[in-house]
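Here are my notes on the structure you sent over. Please read them with the model open beside you.

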Amino acid sequence: MSDQENTIDNRHDTDHPGPAGPLTGRIALVAGATRGAGRAQAVELGRAGATVYVTGRTTRARASEVGRTSETIEETAELVTAAGGGTGIAVPTDHLDEAQVRALAGRIDREHGRLDILVNDLWGGEHLLATSVFGKKSWETPLADGLRILELGARSHVVTAALLLPLLIRSDAPLHVEVTDGTARYNRRYRENMYYDLAKNAPIRLAFGLGQELAEYGGAAVAVSPGFLRSEQMLSHFGVGEENWRDAIAREPSFAIAESPYYLARTIVALAADPDRARRWNGRSTSSAELARVYGVTDVDGSRPDAWAYFEDVVHGGRERTADDYR
């Protein structure tokens, strides 16, 4: 059988036997899956049965500018497969390199002929925030660092969308997810620095615009934000692990509303499995908390944190409530 026959005709075949999940046979790409929310989304999409291509810049042989070697894209793919439903495929990719992204698209095309779910979770700019962004006016931010933030948080998303959407529209139900920091509602508030504000609002507008273009294909583009994320980097920053993350609350009280990366990941699976998602969500900006309420999803500890409501009401609004009131 030719590759063309194998990848297009068998749209809902799975790569290995096992109980069928709600996304069995679906082909997904999580761009930016080395760690954090991207890794968790890849794992949960795989658990739900999808074949998941996972991309990132840090491999077992080479670290990205983020400088962390404790998580790699190969490890993410192994975790996807180990989840038991689908298969993880690691493709080291710098999404600012057009040639590499074209090669990624070409590989998915050759192997499957289409893409059903595209999660654009690219970032990798945390190392620039503390020293160059937070607490600084835009003119105090080194220009090179500010432009790098825009490359990592906006340009990489545009390159990925431009080169992968031709594959996505071949699906019978295309889903494009833009992951960012903050909802459209929350981000009406200035995000402290011009470069960061632009980088985190760009994916919201990207989802809105692409939603208009995907509508004729029955597709949906949605911008989704986690809340205060207990990513590997954030836990390391506070010197805690997932098992004792609450110890960091003494240092940062708002960390009491923190959520695990799997909270967002579970809501993305629920969104992807919803046959009515285009009508309900296309072009919208939402959050892990809102999706969790709609789909009945909880975090790994059984809670349902709503960080953005907490920040608006308590941190900025002065309401006398605790984080537990928003979990």
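The points below take up ring contacts, charged pairs and a few single residues.

1. Status of the model. This is a predicted model. Please keep that in mind for each distance and angle below.

2. Aromatic pairs. The structure holds 12 of them. Take Phe 134 and Tyr 196: their ring centres are 5.5 Å apart. The planes meet at 70 degrees, so this pair is edge-to-face; the cut-off is over 60. Phe 134 sits in the loop between helix 5 (126-132) and helix 6 (143-168). Tyr 196 belongs to helix 7 (residues 194-214), so the contact ties together parts 62 residues apart in sequence. Burial is uneven here. Tyr 196 is buried at 6% relative accessibility, whereas Phe 134 is partly exposed at 33%.

3. A tilted pair. Phe 238 and Phe 255 lie 4.8 Å centre to centre, with 50 degrees between the planes. That makes the pair tilted. Phe 238 is in helix 8 (residues 232-238). Phe 255 is in the loop between helix 8 and helix 9 (261-273), 17 residues away. Both rings belong to buried residues: Phe 238 has a relative accessible area of 13%, and Phe 255 has 0%.

4. The aromatic cluster. Phe 238 and Phe 255 are also members of one aromatic cluster. Its other members are Tyr 186, Phe 228, Trp 245, Trp 308, Tyr 310, Phe 311 and Tyr 326. Two arginines lie over rings of this group. Arg 230 is over the face of Trp 245, at 4.1 Å from the ring centre. Arg 321 is over the face of Tyr 326, at 4.9 Å.

5. Salt bridges across the chain. The count is 24. One of these joins Asp 116 to Arg 26, with the closest N and O atoms 2.9 Å apart. Asp 116 is in the loop between helix 4 (98-112) and strand 4. Arg 26 is in the loop between helix 1 (3-8) and strand 1 (27-31). The two are 90 residues apart. Both are buried. They also take part in a salt-bridge network with Arg 114 and Asp 172.

6. Salt bridges over shorter spans. Arg 191 pairs with Asp 181 at 2.8 Å between the closest N and O atoms. Both lie in the loop between strand 5 and helix 7, 10 residues apart. Both are buried. Glu 44 and Arg 47 meet at 2.9 Å, N to O. They are 3 residues apart in helix 2 (residues 36-47), or about one helical turn. Glu 44 is buried at 10%; Arg 47 is partly exposed at 44%.

7. A surface patch. Which residues form the nonpolar patch on the surface? They are Tyr 190, Met 194 and Leu 198, with about 300 Å² of accessible area together. Tyr 190 is in the loop between strand 5 and helix 7. At 52% relative accessibility, Tyr 190 counts as exposed, because the cut-off is over 50%.

8. Two buried residues. Asn 120 lies in strand 4 (residues 117-120). Asn 120 is buried, with a relative accessible area of 0%. Its side chain makes a polar contact with the side chain of Glu 178, at 2.8 Å. Ala 199 lies in helix 7 and is buried at 1%. The C-alpha atoms of Ala 199 and Arg 155 are separated by 8.8 Å, and these residues are 44 apart along the chain.

Terms used:
Residues numbered from 1 in each chain as written. Predicted model: local features only at pLDDT ≥ 70, side-chain atom pairs only at ≥ 80, totals over all residues. Heavy atoms only, no water. Phe/Tyr/Trp six-rings, centres within 6.5 Å; stacked < 30°, edge-to-face > 60°. Helix = DSSP H or I, 4+ residues; strand = E, 2+ residues; numbered from the N terminus. Buried < 20%, exposed > 50% of the residue type's maximum accessible area, 1.4 Å probe, protein only. Lys NZ or Arg CZ within 6 Å of the ring centre and 35° of its normal. Patch = residues over 30% accessible without salt bridge, like charges linked within 9 Å, V, L, I, M, F, W, Y side chains within 5 Å. Areas by Shrake-Rupley, 256 points an atom, 1.4 Å probe, with all protein chains shown as cover. Salt bridge = Lys/Arg side-chain N within 4 Å of Asp/Glu carboxyl O. Polar contact = N/O pair within 3.5 Å; in protein donor to acceptor, adjacent residues only side chain to side chain.
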